[in-house]
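Grab a pencil and work through a few exercises on the structure below. Each one comes with a worked solution, so try it yourself before reading on.

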Amino acid sequence: MTLEQIRALLPLIILVGAAVAIMLGLAVRRNHAFTVAVAVGSLAAAILSLALGPTVATPITPLLRLDGFSVFFSGLILAASLFVAVLSHGYWNRRRTVISEEFYILLLLAAAGSVTLTMAVHFASFFLGLEILSGSLYAMIAYERDRQAAVEAGIKYLVLAGGSSAVLLFGMALVYARTGTLDMAAAAAKLAGALDVLTLAGVAMILVGIGFKLALAPFHLWAADVYEGAPAPTAAYAATVSKGAIFALLVRLAAAMDIQSNPPFQATLAAAAVITMFAGNLLALRQSNLKRLLAYSSIAHMGYLLVAFLAAGTLGRTAVGFYLAAYIITTLGVFAVMIVLSGTERDADRLEDYIGLSRAHPLLAAVFAGMLLSLAGLPLTAGFVGKFYLLAAGVGAHLWVLVAALVISSTISLFYYLRFIAAAYAQPAAPPALPAAVAMPRLARLAIAVLVILLLWLGVYPAAVIRAIQEAVAIGR
Amino acid sequence: MPGLLADGVELWPLALYFVAVVVLAGGILGLSYVLGERHRERATGMPYESGMIPTGSARVRMPVEFYLVALFFVIFDLEAVFIFGWAISARQLGWAGYVEVVIFIAVLVSALVYLWRQGALDWGTARRAGADRDRSGRRHGDE
């Protein structure tokens, strides 16, 4: 391995090294604040090493490849993990009954798995990254093991993720049986666009596995239960980092195998996109639990992303990159408000918890409203520009049915986002169900402020970011 | 999808096989339902173990340490497999392989140190006080 390759691999080395270091530190003495500092520091160092890393595409062994594409998505993932780590600090401090330090080990490992996914150009590294990510997520979901709902959610995720991994592996095996290689590009070259029954089944099974992890429509049933049972930081992590990483992988896999131009897959994925958009938005309508609502909303957003994904080309990939960035910022923002409001016993996930929020915490209520409006895609927010790009990509590729479905279903989505905003600005009839939020930790306050600035920056002046994404995905062939 | 079945794959043996499976399984279940004896005596539902009459409940409370140690064994045993894999080709892998396996073993050792300090290797309940002390120690130190 050359020095250049080690430099390219540095983000992963830092993350894994920090996870082991935290583990050894815990063997000596437990200290929550110190653990958080190490975790946040290592995530920041990993981002820095990405920024200072090689500028040309660098293959690292046959398994991984660092190029503009992986740098952009890894940066996004690491930044999101950093926000979750910062927000977790105050959250676990309030939960006195739980040992909190191991959460950060799991978080760093999950981040390492996600970064592996964004760099994967080989089915082996694809599966390895996926399993590192989901293995950490099982434990992160069931982290509050005294709470029955958390353990139930963990087991549900374990069973479903295990099942979908089996389907995924079967698909990879079928592709391997025909092509004799696990390298994505080499396998695609061997197939040369012509798929027979075997490889058609193989690629379809791989897509089903990915669909499970992304909670696309026929495979979305687990999402709401798992998010509801998981602690709020884990739910935030699963909704942002895990989905972002898997979508990045899907884009790379599709670019290598040219999935979008294959008629059967195009039709299937288009149908899945339409069903996903409507299922997510219609099921979210009746939710009065914010976590369940965000689960369904994230299902719908994955459907929106599929529109740009199917549009393919540079415009489609740019739209995917920008929309994922906007989606991650906004979803993190909503979860950040929820995490800050969560008390010692339970998470602030009920509609009642938000009634009269504007009275008790006017600023927090404004942030909450802004983030939800961005999820709905209203102007001046990142969500609006993102959706605009999705539509542009869809129209550019003449995907009229998908574009129509996107417009109609995102109009439906306005209703349930506005319901929570209305609650936040309503006059409370009874005293709030949760005690007024404890004094916000300074770090959490800073994190929320940064998220708001990013939201407005992407919403008002997105040109610079879009240019950067265009360059990144142009290299990312 | 034209061309899907054009590469000489015959599907009817698969369908025949499927039908045969259904007929066979259905036949076995159905015949034993029709022909089978049905009787309900006092000992019908009792587990059969060489004619011995069972005593007590099957729900024995096992010490949780048993599962912990079993789990650690599986984990470390699996990792030994990787080290064997390195060992049989140690010469060909050279120093780079050596450095890699040393890193691997170092991670394993730190995991073992962690488990030991958490009290996961202590057998019995009394000695797990170490973990509790750590927990309460954090509570004081964190404020």
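**Exercise 1: the overall fold of chain A**

Among contacts in chain A between residues at least 6 apart in sequence, 80% join residues at least 24 apart. Keep in mind that this is a predicted model.

Task: work out whether the radius of gyration of chain A agrees with that of a compact globule.

Solution. Start with the length: for 477 residues, a compact globule would come out near 23 Å. Chain A has 21 Å, which agrees. For the dimensions, the C-alpha trace spans about 65 × 55 × 40 Å along its principal axes. As for burial, 59% of the 477 residues count as buried. The secondary structure of chain A consists of 19 helices and two strands. Confidence comes last: pLDDT averages 90 over chain A, and 97% of the residues score at least 70.

**Exercise 2: two helices**

Task: check the spans of α3(A) and α4(A) against 1.5 Å a residue, and find out how buried each helix is.

Solution. Take α3(A) first, residues 68–94. Its 27 residues should span 39 Å, and the end C-alpha atoms sit 40 Å apart, so the two agree. There's a kink too, of about 30° and centred on A:Ser88. Now count buried residues: 24 of the 27 qualify, so α3(A) is largely enclosed by the rest of the structure.

Next, α4(A). The 18 residues should span 26 Å, and the end C-alpha atoms are 26 Å apart, which agrees. This helix is mostly covered, with 17 of its 18 residues buried. Among the elements of chain A, α4(A) (residues 102–119) also has the highest mean pLDDT, 96, while α19 (residues 463–475) has the lowest, 83.

**Exercise 3: positive phi in loops**

Task: place A:Thr61 and A:Asp258 in the chain, then classify their exposure.

Solution. Some background: most residues other than glycine have a negative phi. A:Thr61 isn't a glycine, yet its phi is positive, about 55°. You'll find A:Thr61 in the loop between β1 (58–60) and β2 (64–66). Within 10 Å there are 12 other C-beta atoms, so A:Thr61 is exposed.

A:Asp258 has a positive phi as well, near 60°, and belongs to the loop between α10 (232–257) and α11 (263–284). Here the count is 14 C-beta neighbours inside 10 Å, so A:Asp258 is partly exposed.

**Exercise 4: a residue in chain B**

Task: decide whether B:Ala25 is buried or exposed.

Solution. First locate B:Ala25: helix α1 (residues 12–35) of chain B. Then count: 10 C-beta neighbours lie inside 10 Å, so B:Ala25 is exposed. For a distance, B:Met46 is 21 residues from B:Ala25 in sequence and 27 Å away in space, C-alpha to C-alpha.

How values were computed
Residues numbered from 1 in each chain as written. Chains lettered and ligands numbered in written order. Predicted model: local features only at pLDDT ≥ 70, side-chain atom pairs only at ≥ 80, totals over all residues. Helix = DSSP H or I, 4+ residues; strand = E, 2+ residues; numbered from the N terminus. Expected span 1.5 Å × (residues − 1). Bend = angle between axes of the 7 residues up to and from the residue. Buried ≥ 20, exposed ≤ 12 C-beta atoms within 10 Å, placed from the backbone. Rg over C-alpha atoms; globule rule 2.2 N^0.38 Å. Contact = placed C-beta atoms within 7 Å. pLDDT = per-residue confidence, 0-100.
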